[in-house]
Amino acid sequence: MASRRQLLTNTAAMLGAASSGMWLPAHAQNAKVRIGLMLPYTGTFTQLGVAIDNGFRMALQEAGGKVGGREVEFFKVDDESEPSKGVENANKLVQRDKVDVLIGTVHSGVQMGIHKVARETGVLNIIPNAGMHAATRALCAPNVFRTSFTNSQPTLALGKVMVDKGHKKAVWITWKYAAGDESGEGFKEGYVAAGGTIVKELGLPFPNVEFQALLTEIASIKPDAVACFFSGGGASKFIRDYAAAGLAGKIPLYGSGFLTEGLLDDELAPSAQGIMTTLHYSTSLATKRNDAFRLAYAKTFKMQPDVYAVQGYDAGQLLLQGAAAVHGDFSNKKALYAAMENAVIDSPRGKWTMSKAHNPVQDIYLRTVKGKENVVLGVAAKALSDSGVGCKLG
Ligand code: BEZ
C-alpha cells in the first residue's frame, strides 16, 4: 500500500501537471468537448446564423475535427433573435447541456442574455457576431471573447468617406435596438468629425420591414445621402424598397457592410449597384488566404461565404488555439484565456489580434457593389481598435 507521503507527492504532481495543461485524467481525456451553438436558425437573421455555424464547423474540420486533442459534441439552440428568451436559451446550453464553451450569438439584444449567464457562471463565451458595446467595454469579462466587431467599429470610418464625396447632409436610418443605435453612434462620431451634419435620424422597431413611410419622409427631406444599419432579410427588403421608391441613383445610399453582405443574388443586385459600405471583410479581397477559404467553403457548402461565415470560422480558430495551449483542459482557465488573448488569427479578412478588452483589432475596408460583389476600393481604417472604454481587463 502507498504511504501517506507517497500519496501526497503523487497528488501534488498530478495537480501541477493538470494546471500546466500537460496531463488530463483519463475520464477527461476521453470526454468530448461540449460545444454549444446558440444562433438564429429562423427569422430575419437565419442567413447569419447558418453562415456562422458553417464557418465554425469548417475551422474544426480543417483541424481534424478535434479540439485540444479531444473529440467534440455539438448542442444547438435556435435563439430566434428573441431577446426575451436570451437568458433561458443560454441556460439550456450552460445548465442543462453543461457545455464547455458557448458560441453565440448574432443579435445584440439576445447577447445581453448570454452575457448575463456567462458572467454569472463563468462559462467560456465566444461571440461570433453581436456587436453590443458593453460586452467588450464596461461589462467586459475574462471568459468572454469576440471574433466579430463592436457595433460602432464598421461605421466609424463611413462618415469621412461620405464627406470626402461632398455629402455633407445625411439622414441616418436603422432598426431601433442596440446594434442600430450603436452603429449610429459610430457613424455620427466619424461624420461630424469630418464636417457632416445628420439632418434626421429615423428608426423602426426590429425586425419590422415596413419602410414605406420612412422612405417618403427621406424623399421629402432631400438629404445629400442616406446612411443606415440593416442586415439579413430586412436589409434585402430595405434595398429593394429604396429602389422601388425611386431613391436609388438620386440619393446615394451608404451603410455598414451588413447592408449588402451575403445578399447580392440575381434578384437583389440590380437594385444595389453603387451602394457604398464599410466592413472588416469582403469576398473580393485578393489574398491567397481568402481565395483558399472561399474555395473550401464553396466546395463544402455549395454557396459563397460572407462576413458571418468568416466570423464563425475565426471563432473556431480562436477556440482551437486556446484549447491547444492547454491540451484540451478547459479547467485551466488562466492559461486558456492567456492563449486566447495572445492569439493571432490568420483570417480570410486579414490577420487580426485581440484588444485588451477581447475584441478584434482589424482593418475596415471601403466597398462598393459592382455586379454581385462588394468590391474593395481600399482600407477605410487601418488596424482599428474599439475604445474598450470602461473595461478593466489586461
Ligand atoms: C447585432 O445585433 O449586433 C447585429 C446583427 C446583425 C449584424 C450586425 C450586428
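The following legends describe close-up views of a predicted model.

**Figure 1. The largest pocket and its lining.** The largest pocket holds about 360 Å³ of space. Its lining comprises 18 residues, of which Gly262, Leu263, Gln304, Pro305 and Asp306 are the closest to the pocket centre. Two or more lining residues come from each of helix H3 (46–62), helix H12 (288–301) and strand S14 (373–384). Helix H3 gives the most, with three residues. Sorted by class, the lining has seven nonpolar, five polar and six charged residues.

**Figure 2. Position of the largest pocket relative to the domains.** Residues of domain 1 (33–149 + 285–358) and of domain 2 (153–279) both contribute to the lining of the largest pocket, which therefore lies between the two domains.

**Figure 3. The aromatic pair of phenylalanine 56 and phenylalanine 74.** The model has 20 aromatic pairs. In one of them, phenylalanine 56 and phenylalanine 74 meet edge-to-face, at 6.3 Å centre to centre and with 80 degrees between the planes. The pair links distant parts of the chain, 18 residues apart: phenylalanine 56 belongs to helix H3, and phenylalanine 74 to strand S2 (residues 72–78). Phenylalanine 56 has a relative accessible area of 0% and is therefore buried, the cut-off being under 20%. Phenylalanine 74, at 27%, is partly exposed because this value falls between the limits of 20% and 50%.

**Figure 4. The aromatic pair of tryptophan 175 and phenylalanine 230.** The ring centres of tryptophan 175 and phenylalanine 230 are 5.2 Å apart, and their planes stand at 85 degrees, so the pair is edge-to-face; the angle for this class is over 60 degrees. Tryptophan 175 is part of strand S6 (residues 169–175), whereas phenylalanine 230 lies in the loop between strand S8 (225–229) and helix H10 (232–244), so the pair ties together parts that are 55 residues apart in sequence. Both tryptophan 175 and phenylalanine 230 are buried.

**Figure 5. The aromatic cluster that includes tryptophan 175 and phenylalanine 230.** Tryptophan 175 and phenylalanine 230 belong to one aromatic cluster. Among its other members are Phe45, Phe149, Tyr177, Phe206, Phe211 and Phe229. The cluster also includes Phe238, Tyr242, Phe258 and Tyr308.

**Figure 6. Charged side chains over aromatic rings.** Arginine 57 lies over the face of phenylalanine 74, at 4.2 Å from the ring centre. Phenylalanine 74 is also the partner of phenylalanine 56 in an edge-to-face pair. At another site, lysine 76 places its charged end over the ring of tyrosine 41, 4.3 Å from the centre of that ring.

How values were computed:
Residues are numbered from 1 along each chain as its sequence is written. This is a predicted model: local features need pLDDT of at least 70, side-chain atom pairs count only at pLDDT 80 or more; totals for chains, interfaces and linings use all residues. Side-chain values use heavy atoms; hydrogens and water are left out. On a 1 Å grid over the protein atoms alone, a cavity is a set of points where a 1.4 Å probe fits but cannot get out, and a pocket is an open set with protein on both sides within 12 Å along at least five of seven lines; lining residues have an atom within 4 Å of a point. Grid points are joined across faces, edges and corners, and a volume is the space filled by probe spheres set on the points. Helices (H or I, at least four residues) and strands (E, at least two) are DSSP runs, numbered from the N terminus. Ala, Val, Leu, Ile, Met, Phe, Trp, Tyr, Cys and Pro count as nonpolar, Asp, Glu, Lys and Arg as charged, and the others, Gly among them, as polar. Domain bounds come from an automatic or database domain assignment. Rings of Phe, Tyr and Trp (its six-membered ring) pair if their centres lie within 6.5 Å; planes under 30 degrees apart count as stacked, over 60 as edge-to-face and the rest as tilted. Buried means under 20% relative accessible area, exposed over 50%, partly exposed in between (1.4 Å probe, protein chains only). A charge sits over a ring if NZ of Lys or CZ of Arg is within 6 Å of the ring centre and within 35 degrees of the ring normal.
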